[in-house]
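Student: Hi! Could we go through this model together, starting with the inside and ending on the surface?

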Amino acid sequence: MGSVIRGAVVRVPLVVLVLVLAPGRAAHAQPGELPELRLADVITIAVRQSPELARARLDVDAARAQLTRAQGIEDTHVGVNAQVDVILAGPDDPSGDSERETASVTASRALPTGGTLTVAATGERNKVAGVQILPNGSPQATVVKRYAAGLSLGLIQPLLRGAGSDAFLAPIRQAERQRDAAALTSEARARDLLVSLSQSYWQAAFAWRQLEVRRVSLDLAQRQLAYTEGAIRAEKVPRSELLAVQQAIATRKQDILAGEQELYERSLALRQLAGLEIGPDAIAVRTEALPGKIDAADPEVDAVVRDAYAHSAELAALEATRRAAEIAAAAADNAARSRLDLSVAAGPVGADATAADALSSLIRRPGFEIVAGLTGDHAIEHRAESGSQAAARTALFTAKLAERDARARLAVRATRAVQRARAALASVALGDQAIGLAEQNVAAEQKRFELGKSTNFDVLRRQDELEQARLRQAASVGDYLAARADLDGMSGAILSRYHIVMP
C-alpha cells in the first residue's frame, strides 16, 4: 500500500465547495467529535447500497432466466386441433358437395437424442353428396357419411443436423455455464468492492494518524517556544533562537492544514465509494485507529499464487465463459450438417358409417396405419452455416485469450501484493526501533539545548525526524493492511471475514 497511502488521493469535486463554505469546520476537526465507524459497518452499508453489486445481481437473475428458457426445450406440449372443410360443388361438378371435419389431441416431448415423440388421438367425419344409380338404371341423390378414429405413436428423429444428446442439450449446457459465469462475476465484483473499500478505509485511517502525529509535532514546537521564551528572559539564550521555533511552528501549522485537507478528501472518497451520506455535516469519517503493531508471518509467493489460481472468482467466471463458448462451437458444427430427418408414425384406426361404430371398430377390430418418411435439406453455398461456425470459433478463441490474460494478471497482482506485504512488515518492525531512537534523540538534544550545547534548529530537526519516523511507521501499517486486503480479495477470504454471501 506504499503507493496507496502515499500516492495521489481521489479527488471529489464536492470537497472544494464544502471546504470553501466551511473552512472553520475543516480546520478544527477533532477525532473525539465524530462517532467511530468500523470497517465492517462501512462494508455492510456499501454491499446493501452498491449500484455495482445491484447490477451484478441483475446479471445473475438474467442468466438464470436464460437458463429457464433454454430448459423449455424439455417441456411436454399438449396440442388441440379442429378443422372443417366444406366444398360446394358447381352445377357441372359430378362429385357433388362434401364436408370434412377433423379433430386431434396430441402430446409431444423432445427426446435426449434430439428427436420428438408424439402421441395423438384423431377423429374424422366425412360427408359427401353424390348420385346413386338404382338397379333400374335411374339416378338417385344420396349422401355418404364416414367416421374414422385413430391412435398413433409418432417419432421424428434427426439423423444428421441436431442428432444426439450433445446437440440437443447444448442450449441448456451453454446457459448453465453462462449462469455460472454471471454468478462468479458477481462474486468477483463483490470482492473487488470490498478490497477497494478496505484500502480506502485504511487510507482515511492513515490520514487521521498523520494528522495526529503532526499535531503532536506542533505541540512539541509550541512547548519548545515556551521554553525558549523563558530562557531568553533568563538571558540563557539569544533572542535569535526564537526564529527557528517560530518558523517551525508556522510550517507545522501548514502541515496540519494540508493533513486536514487530505483527511477530508480521503473521507469523501470513502463516502462516495461506500454510498455514505455526503453533506456539510457529513464529511470526515472517523475510522478505527491504525494498529500500532502487525503480528503476521511473511506470505510466500508460490503459495499465494496457487491459492489465487484455485480460488479466483474472476478466473472461474472466465473458465465458465470459455466452456460455454466450447459448447456453442460444437453446436455450430452440428448445425452446419445437412438436414436429414426420419419420421415414423403408427397406430390403430377404426372406421364406419357412424361415430359409435367407428369407435367400436377402433377397439374391437382395428386396422393399422403406418407412415414413414425422410426429409432432407442441404445448402449449396453453405454461407450461413460457415458464418455461424466462424463466429463461434472466434468467440471461443476470445474466451481462451481472456482466460490466459487473466491468469497472467492475477499472478502479477498476487506477486506484487506479497512483496508489498513483506516490505510493509519489515518496515513496521524497523519503525518501532526508529521511533524509539528518534524519541531518545529528541530528549538528548533537548538536554543539550538546556545546557547551551545545542540550538533550537538542532532540537527541531530531531523533532522532525521523530515525526517522519512515526509517519513512516503508520504508512507501513497502512500499506500492510491494504496488501492484506488485496490478498484476501484474491483468495475470497474477504467475503467470509465480513459474512458476505453472494446469491
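Student: How many residues does the largest nonpolar core have, and which have the most contacts inside it?
Tutor: Happy to help! Keep in mind that this is a predicted model. The largest nonpolar core has 52 residues, and I43, L194, L197, L290 and I500 have the most contacts inside it.

Student: Which elements give two or more residues to this core?
Tutor: They are helix 4 (39–49), helix 6 (165–233), helix 7 (241–274), helix 8 (301–311), helix 9 (313–335), helix 11 (383–450), helix 12 (456–491) and helix 13 (493–497). Apart from that core lies another, of 22 residues, with A207, L211, L225 and I283 among them.

Student: Back to L290. What does L290 touch?
Tutor: Leaving aside residues up to four places away in sequence, L290 touches W202, A205, F206, R209, A474, V477, G478 and L481.

Student: Take A205, then. Is A205 buried or exposed, and why?
Tutor: A205 is buried, because its relative accessible area is 3%, which is under the 20% cut-off. A205 lies in helix 6. Besides L290, A205 touches T287 and E288, again not counting residues up to four places away in sequence.

Student: How far apart are the C-alpha atoms of A205 and R266?
Tutor: They are separated by 9.1 Å, with the two residues 61 apart along the chain.

Student: Now the outside. Which residues form a nonpolar patch on the surface?
Tutor: L159, L160, L342, V344 and L374 do, with about 400 Å² of accessible area together.

Student: And where does L374 lie?
Tutor: L374 is in strand 6, residues 367–377. L374 counts as exposed because its relative accessible area is 59%, over the 50% cut-off.

Key: Residues are numbered from 1 along each chain as its sequence is written. This is a predicted model: local features need pLDDT of at least 70, side-chain atom pairs count only at pLDDT 80 or more; totals for chains, interfaces and linings use all residues. Side-chain values use heavy atoms; hydrogens and water are left out. Patches are made of residues with over 30% relative accessible area and no salt bridge: like charges are joined within 9 Å, nonpolar side chains (Val, Leu, Ile, Met, Phe, Trp, Tyr) within 5 Å. Accessible areas come from the Shrake-Rupley method with a 1.4 Å probe; for residues, only the protein chains shown count as cover. A salt bridge is a side-chain nitrogen of Lys or Arg within 4 Å of a carboxyl oxygen of Asp or Glu. Helices (H or I, at least four residues) and strands (E, at least two) are DSSP runs, numbered from the N terminus. Buried means under 20% relative accessible area, exposed over 50%, partly exposed in between (1.4 Å probe, protein chains only). A nonpolar core is a set of buried Ala, Val, Leu, Ile, Met, Phe, Trp, Tyr and Cys residues joined through side-chain atoms within 4.5 Å. Contact means heavy atoms within 4.5 Å.
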